[in-house]
Every structure is written in C-alpha cells, then in structure tokens.
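Q: I am new to this structure and would like to learn how to read its features one by one. May we begin?

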Amino acid sequence: MADDDTSTALPQTCVRCGQVALLRIVGRCGSCIGTLGLEGGEEYAAWRAEVKAEFGAK
Ligand SMILES: [Zn+2]
C-alpha cells in the first residue's frame, strides 16, 4: 500500500443521506443508489447524468 490513492477508498459522507459510506458513486452511497434505482425517478436520472459526466457515456 505504497500509493496514496485518494480516489474512492476513503470513507466519506454521502451527499444525499449524510451517512459515512465506503462505497459512493458521484457522492451518493451504495444504499442511496439502491433506493434511487428502485424509485427510478428524477433523482435517479440526475444521478445517472452525473455518473455519465464523471465517467463518460457508455
Ligand atoms: Zn446515502
């Protein structure tokens, strides 16, 4: 573990629910992403758009 990779491994606060989470994608924790996916509403679409902006469209 010589490299100090700050990309995704550090626990940080979820921008949606405020919980500290190890797994986050563009600021949302895993459980929020699951909830958004189930609801499939506007917030999920917005999150998807942010993911595309961050990682590129696929
Ligand atoms: Zn969350």
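Q: Which residue takes a positive phi just after α2?

A: Please keep in mind that this is a predicted model. Just after α2, the residue with a positive phi is G56, at about 90°. A second case is V26, whose phi is positive at about 40° although V26 is not a glycine.

Q: Where does V26 lie, and how many C-beta neighbours does V26 have inside 10 Å?

A: V26 is found in the loop between β3 (24–25) and β4 (28–29). It has 16 C-beta neighbours inside 10 Å, and therefore counts as partly exposed.

Q: What pattern does the protein follow along the sequence?

A: One lists the helices and strands in order. Here there are 2 helices and 4 strands, and reading along the sequence gives β-β-β-β-α-α.

Q: How are two packed helices described?

A: Two packed helices are described by the angle between their axes and by the distance between those axes. In this model, the axes of α1 (residues 30–39) and α2 (residues 42–55) come within 8 Å and cross at roughly 120°. That angle makes α1 oblique to α2. The crossing in which α1 passes α2 is left-handed.

Q: Which residues make the contact of α1 with α2?

A: From α1 the contact is made by L36, G37 and E39, and from α2 by E43, Y44 and W47. By character, the residues of this contact divide into 3 nonpolar, 1 polar and 2 charged.

Q: What span should the 14 residues of α2 have, and how far apart are its end C-alpha atoms?

A: The idea is to set an expected span beside the one in the model. At 1.5 Å a residue, the 14 residues of α2 should span 20 Å, and the end C-alpha atoms are 20 Å apart, so the two agree.

Q: How many of the 14 residues of α2 are buried?

A: The count of buried residues in α2 is 0, and this helix is hardly covered. For the whole protein, buried residues make up 9% of the 58 residues.

Q: Where is the place of C14, and which residues does C14 touch?

A: C14 is placed in the loop between β1 (12–13) and β2 (20–21). Leaving out residues up to four places away in sequence, C14 touches Q19, A21, R24, G27, R28, C29 and C32. C14 has 18 other C-beta atoms within 10 Å; burial begins at 20, so C14 is partly exposed. C14 and C32 are 18 residues apart along the chain, and their C-alpha atoms are separated by 8.4 Å.

Q: With which residues is G27 in contact, leaving aside its neighbours within four places in sequence?

A: G27 is in contact with C14 and V15. G27 lies in the loop between β3 and β4. Because G27 has 15 C-beta neighbours inside 10 Å, it counts as partly exposed. G27 and E50 are 23 residues apart in sequence, and their C-alpha atoms are 9.6 Å apart in space.

Q: Is L22 buried or exposed?

A: L22 has 11 other C-beta atoms within 10 Å, so L22 is exposed. The place of L22 is in the loop between β2 and β3. L22 and Q12 are 10 residues apart in sequence, and 6.6 Å apart from C-alpha to C-alpha.

Q: What share of the contacts with a separation of 6 or more is between residues 24 or more positions apart?

A: Such residues account for 12% of those contacts in the protein.

Technical notes:
Residues numbered from 1 in each chain as written. Predicted model: local features only at pLDDT ≥ 70, side-chain atom pairs only at ≥ 80, totals over all residues. Buried ≥ 20, exposed ≤ 12 C-beta atoms within 10 Å, placed from the backbone. Axes fitted to C-alpha atoms, helices over the stretch in contact; angles between N-to-C directions. Parallel < 35°, antiparallel > 145°, perpendicular 65-115°, else oblique. Left-handed = near helix turned anticlockwise from the far one by under 90°. Contact = placed C-beta atoms within 7 Å. Nonpolar A, V, L, I, M, F, W, Y, C, P; charged D, E, K, R; others polar. Expected span 1.5 Å × (residues − 1).
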